[in-house]
Amino acid sequence: MAGASKNSRTTVATHKFICPDCGGEIIMKTMISNGRIKNQAECQKCKRVERRPKDFK
């Protein structure tokens with residue numbers, strides 16, 4: 001059975017997260033501490049830091 005190639009199935013999904021307090025854009029940052037990689041979500045406007053964008057709500 002012939003199917004679609006692997007490259008044709010990939011999609012680019014981008015989602016902009018907005019801070020509910022100030023309306024700024026939330027970006028993901030990768031921090032290295034104690035030799036471990038940690039991802040953090042930070043609001044560019046109010047500089048609030050959470051573990052992931054969903055935690056801002």
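How many helices and strands are there in the protein? There are one helix and four strands, with helices (H or I, at least four residues) and strands (E, at least two) taken as DSSP runs and numbered from the N terminus. This is a predicted model, in which local features need pLDDT of at least 70 and side-chain atom pairs count only at pLDDT 80 or more, while totals for chains, interfaces and linings use all residues. Residues are numbered from 1 along each chain as its sequence is written, and side-chain values use heavy atoms, with hydrogens and water left out.

**View 1. Here is the whole protein, with its elements in the order α-β-β-β-β from the N terminus.** Of the 57 residues, 14% are buried; buried means under 20% relative accessible area, exposed over 50%, and partly exposed in between (1.4 Å probe, protein chains only). The accessible surface comes to about 5100 Å², and carbon and sulfur atoms hold 51% of that surface. These areas come from the Shrake-Rupley method with a 1.4 Å probe, and for residues only the protein chains shown count as cover.

**View 2. Four strands make an open sheet in the order 1-2-3-4, with antiparallel pairing.** Two strands pair if DSSP finds at least two bridges between them. At the edges are strand 1 (17-18) and strand 4 (49-50), each of which pairs on one side only. Strand 2 (residues 25-33) and strand 3 (residues 36-43) run antiparallel and are joined by eight bridges. Look along this pair to find Met-31 opposite Lys-38 and Ser-33 opposite Arg-36.

**View 3. This close-up shows the hairpin of strand 2 and strand 3, with two residues between the strands.** Asn-34 lies in the loop here. Its phi is positive, about 55°, although Asn-34 is not a glycine. Asn-34 is also exposed, at 78% relative accessibility.

**View 4. A second hairpin, that of strand 3 and strand 4, has five residues between the strands.** The two strands pair in the antiparallel sense over two bridges, and Glu-42 has Val-49 in strand 4 as its bridge partner. In the loop between them lies Lys-47, whose phi is near 60°, a positive value in a residue other than glycine. With a relative accessible area of 54%, Lys-47 is exposed.

**View 5. Five residues make up the largest nonpolar core: Cys-19, Ile-26, Ala-41, Cys-43 and Phe-56.** Such a core is a set of buried Ala, Val, Leu, Ile, Met, Phe, Trp, Tyr and Cys residues joined through side-chain atoms within 4.5 Å. In soluble globular proteins, nonpolar side chains tend to be buried together. Leaving aside residues up to four places away in sequence, Cys-43 touches Cys-19, Cys-22, Gly-24, Glu-25, Ile-26, Arg-48 and Phe-56, where contact means heavy atoms within 4.5 Å.

**View 6. The last stop is the cysteines, in a structure where a full search finds zero disulfides.** A disulfide is a pair of cysteine sulfur atoms within 2.5 Å. Why is Cys-19 without a bond to Cys-22? The sulfur of Cys-22 is the closest cysteine sulfur to that of Cys-19, but at 3.9 Å it is too far for a bond. Cys-22 is in no disulfide either, and its nearest cysteine sulfur, that of Cys-43, is 3.4 Å away. Is each of these two residues buried or partly exposed? Cys-19 is buried, with a relative accessible area of 2%, whereas Cys-22 is partly exposed at 27%.
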